[in-house]
Amino acid sequence: MTAPHPQMPTYLGMPAFPAAAAAAVADSQLRRNLTHATHTIREKRAGAVAELADWEALRAAAKAIKDHTLANLDTYLLRLEANVTRAGGHVHWAQDAAEANAIVAGLVRAAGADRVVKVKSMTTQETGLNEALAAEGIDALETDLAELIVQLGHDRPSHSWCPPSTGTAPRSGRSSGARCPTRRPA
Amino acid sequence: MRIGLFVTCLTDTLFPATGQAVVAVLERLGHQVEFPAAQTCCGQMHFNTGYRREAMPMARGFTAAFAGFEAVVTPSASCASMVREYFPVLAAEAGDDRLAQAVAELAPRTWELSVFLADVLEVTDVGAYFPHRVTYHPSCHSLRMLRVGDAPLRLLRAVRGLDLADLPDAESCCGFGGTFSVKNPDVSAAICADKVTAVRQSGAEVVCAADNSCLMHIGGALRRQRSGVTTMHLAEILAATENTGRR
């Protein structure tokens, strides 16, 4: 576990869920937004589910594949490395978050850069990559719009594939307006 | 058929009329219903809250109290799920072969009321009369765990006089979740607010379910809104006839 960046809110040390939730559920705009988002997602899901007669069997099969893969990572990670290497890639191995972040920082520096764009990744969120890069003087900018909204708001993602789902439009709008124009290349 | 009524602790203590309704429906269909007085809570509350060891005596007590019945019928999809799905887990975890054997014999004969009526007895018209607009809330355990399917709806459609209203977003949880409602009261109430909005949109006079726990939660919100919409367990609707008043 990396030490959290002092300017970033952390998961650890946040108020307990029931206390944090008490404030969130009192936010009427947020409730309205989440209702809208939830219905949109459910309608899309229902449409996709309706296309397949055996979607539950497919879900069970997918779960079995994931469980099997996780239980046999020693085999599959080495196979992945072999295939990536054969395709011309390079796989870095890290024991923990600090080592992973150090490898990324080293790659950015080796490229002679102090600014980097990155794709959405929950793993790098958990390893605190952006904060670790900042500590090394490297400015990381999210390319995924949802992740960027979270980053510009100095917030944390509240959902794995809908990161800013507990943000509300006015808040995001303000934070984007405040920081985006200042980030032009020098 | 000789049937044991598993009333559940919540129905026994807070909604005894539901237990009486189950007996009325089953006896109307010509069955003999007995109430083994040694029965207790099934231990679901303990199990779901992480007190698995504390749930063990209740699993053992259940198998002892209901051994010998051809069928055990309960007005709770939630408690039926506990017996059918989690008693085997408890017995296996405890390495208790005797309990595992007793559960293997009894759990498959333990039925939630609507499944017992519609799928086991294959009766959908139980002779009920209930001239009201009713909507049905599919509780999480009935929907996602016990998978009762449309058994409750088939039963409701066969009730004379009943006008069955669609419930918007029916498959959403009501927010009760057992001890979740105690540990996370604000979120629980927020989820319930959406459920109650849907119930009122349905235009129903009565919302029913296969679980009194959900109805207790939904009913609390409906009453505080002075909505005029009441909650009734499915069993009480199925027990109603021309000769019974609505509560």
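Select B:I237 to begin: apart from its neighbours within four places in sequence, B:I237 is in contact with B:A128, B:F130, B:V134, B:L156, B:V159, B:C208 and B:M232, where contact means that the C-beta atoms of two residues, placed from the backbone, lie within 7 Å. This is a predicted model, in which local features need pLDDT of at least 70 and side-chain atom pairs count only at pLDDT 80 or more, while totals for chains, interfaces and linings use all residues. Residues are numbered from 1 along each chain as its sequence is written, and chains are lettered from A, with ligands numbered from 1, in the order in which they are written.

**The core around the starting point**

Keep B:I237 selected and add B:V73, B:I218 and B:L238, for these four have the most contacts inside the largest nonpolar core, a set of 81 residues. Such a core is a set of buried Ala, Val, Leu, Ile, Met, Phe, Trp, Tyr and Cys residues joined through C-beta atoms within 7 Å; a residue is buried if 20 or more other C-beta atoms lie within 10 Å of its own, exposed if 12 or fewer, and partly exposed in between. Helix α5 of chain B gives the most to this core, with nine residues. The core draws at least three residues from each of domain 1 (2-120) and domain 2 (133-239) of chain B.

A second, separate core has six residues, among them A:A100, A:L129, A:L133 and A:A140.

**The two domains of chain B**

Now colour chain B by its domain assignment, with domain 1 at 2-120 and domain 2 at 133-239; bounds of this kind come from an automatic or database domain assignment. The centres of the two domains of chain B, taken over C-alpha atoms, are separated by 22 Å, and their contact takes 27 residues from domain 1 and 23 residues from domain 2. On the side of domain 1 that touches domain 2, the helices α1 (9-14), α2 (16-28), α3 (44-48), α5 (77-94) and α7 (113-120) of chain B each supply at least two residues. Helices (H or I, at least four residues) and strands (E, at least two) are DSSP runs, numbered from the N terminus. That side of domain 1 divides into 16 nonpolar, eight polar and three charged residues, counting Ala, Val, Leu, Ile, Met, Phe, Trp, Tyr, Cys and Pro as nonpolar, Asp, Glu, Lys and Arg as charged, and the others, Gly among them, as polar.

**The sheet β2-β1-β3-β4**

Select these four strands of chain B, which form an open sheet in the order β2-β1-β3-β4 with parallel pairing; two strands pair if DSSP finds at least two bridges between them. The strands β2 (32-34) and β4 of chain B stand at the edges with a single partner strand each, so one side of each is left without a neighbour in the sheet. Strand β1 (residues 2-5) and strand β3 (residues 71-74) of chain B pair over three bridges, and B:I3 stands opposite B:A71. Strand β3 of chain B also pairs over three bridges with β4 (residues 110-112), where B:V72 has B:T110 as its bridge partner and B:T74 has B:E112.

Next show α2 of chain B, which lies across β1, β2 and β3 and runs at about 170 degrees to β1, the axes being lines fitted to C-alpha atoms, for helices over the stretch in contact, with angles from 0 to 180 degrees between N-to-C directions. Helix α7 of chain B lies across β3 and β4, at about 100 degrees to β4.

**The sheet β6-β5-β7-β8**

Move on to the open sheet of four strands in the order β6-β5-β7-β8 of chain B, where the pairing is parallel. Here β6 (163-165) and β8 (230-233) of chain B are the edge strands, each with a single partner, so one side of each has no neighbour in the sheet. Strands β5 (residues 133-136) and β7 (residues 206-209) of chain B pair over three bridges, and B:V134, a contact of B:I237, has B:V206 as its bridge partner in β7. Helix α12 (residues 212-224) of chain B lies across β7 and β8, running at about 170 degrees to β8.

**A last stop in chain A**

Finally, select A:A48, which is placed in helix α2 (residues 28-50) of chain A. Is A:A48 buried or exposed? A:A48 is exposed, because 10 other C-beta atoms lie within 10 Å.
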